[in-house]
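Colleague: Could you take a close look at one part of this model for me, namely its pocket and what lies around it? I would like one connected account rather than a list.

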Amino acid sequence: MATSSPEEPPQNPPAGAAKPGLRKPVFTKVDQLKPGTNGHTLTVKVLESNPVSSQLRHARIAECLVGDETGTIVFTARNDQVDLLKPSATVILRNAKIDMFKGSMRLAVDKWGRVEVAEPADFTVKEDNNLSMIEYELVNVAEE
């Protein structure tokens, strides 16, 4: 059994080799988002960013309107994410989830996801289809 000493850097796999277990991300469009879903990867442009006053002392929160060529949705940015989501920036949201807030959808990335600044995208955001403006109602379905 070979063990590497702490001074040796770990051996990197060849450039073409993919790590086992990693899947290629499937990019979702904003208009495909549904309440209660998660694991979304999206490329979106930030249209606006509005800081929200928070009762928590150390948390910074901003509601950012983000979108792609299919529609827009409100993204809740927390702490370091607030700095990345500046108006007109293009970002990739990895492992994003849909939270419900007062009956409407909000997009969020928690500690299991990632927000990355990307190259400016060449699409025009469809601003007249805001998914956060749709109000959902929780309905209990009785099973027979």
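Modeller: In this predicted model, the largest pocket is lined by 10 residues, and those that lie nearest its centre are Leu-22, Arg-23, Lys-24, Pro-25 and Thr-41. About 350 Å³ of space lies in this pocket, and two strands, E1 (38-52) and E4, each supply at least two residues of its lining.

Strand E4 covers residues 90-101 and includes Met-100, which is partly exposed because its relative accessibility is 39%. Together with Ile-134 and Tyr-136, Met-100 forms a nonpolar patch on the surface, and the accessible area of the three together is about 250 Å².

Turning to the other strands, E2 (residues 61-68) and E3 run antiparallel and are joined by 8 bridges, with Val-66 standing opposite Ile-73 in E3; the two strands form a hairpin that leaves 2 residues between them. On E3 there is also a parallel pairing, in which 3 bridges join E3 to strand E5 (residues 104-108) and Phe-75 stands opposite Leu-107 in E5. Strand E3 itself, residues 71-78, is mostly covered, with 7 of its 8 residues buried.

Salt bridges, of which the count comes to 7, add contacts between side chains from separate parts of the chain. Lys-29 forms one with Glu-69, where the closest N and O atoms are 2.6 Å apart; because Lys-29 lies in the segment before E1 and Glu-69 in the loop between E2 and E3, this pair ties together parts that are 40 residues apart in sequence. Both ends are partly exposed, Lys-29 with a relative accessible area of 33% and Glu-69 at 32% relative accessibility.

A further salt bridge is formed by Asp-83 with Arg-60, whose closest N and O atoms are 3.0 Å apart. Asp-83 lies in helix H1 (residues 80-84) and Arg-60 in the loop between E1 and E2, so the pair ties together parts that are 23 residues apart in sequence. Here too the partners are partly exposed, Asp-83 at 41% relative accessibility and Arg-60 with a relative accessible area of 40%.

The side chains of Glu-63 and Arg-106 also meet in a salt bridge, at 3.5 Å from N to O, and since Glu-63 belongs to strand E2 and Arg-106 to strand E5, the pair ties together parts that are 43 residues apart in sequence. In this pair Glu-63 is partly exposed at 28% relative accessibility, whereas Arg-106, at 12%, counts as buried. Finally, salt bridges that share partners join Arg-94, Arg-114 and Glu-116 into one network.

Methods:
Residues are numbered from 1 along each chain as its sequence is written. This is a predicted model: local features need pLDDT of at least 70, side-chain atom pairs count only at pLDDT 80 or more; totals for chains, interfaces and linings use all residues. Side-chain values use heavy atoms; hydrogens and water are left out. Patches are made of residues with over 30% relative accessible area and no salt bridge: like charges are joined within 9 Å, nonpolar side chains (Val, Leu, Ile, Met, Phe, Trp, Tyr) within 5 Å. Accessible areas come from the Shrake-Rupley method with a 1.4 Å probe; for residues, only the protein chains shown count as cover. A salt bridge is a side-chain nitrogen of Lys or Arg within 4 Å of a carboxyl oxygen of Asp or Glu. Helices (H or I, at least four residues) and strands (E, at least two) are DSSP runs, numbered from the N terminus. Buried means under 20% relative accessible area, exposed over 50%, partly exposed in between (1.4 Å probe, protein chains only). Two strands pair if DSSP finds at least two bridges between them. On a 1 Å grid over the protein atoms alone, a cavity is a set of points where a 1.4 Å probe fits but cannot get out, and a pocket is an open set with protein on both sides within 12 Å along at least five of seven lines; lining residues have an atom within 4 Å of a point. Grid points are joined across faces, edges and corners, and a volume is the space filled by probe spheres set on the points.
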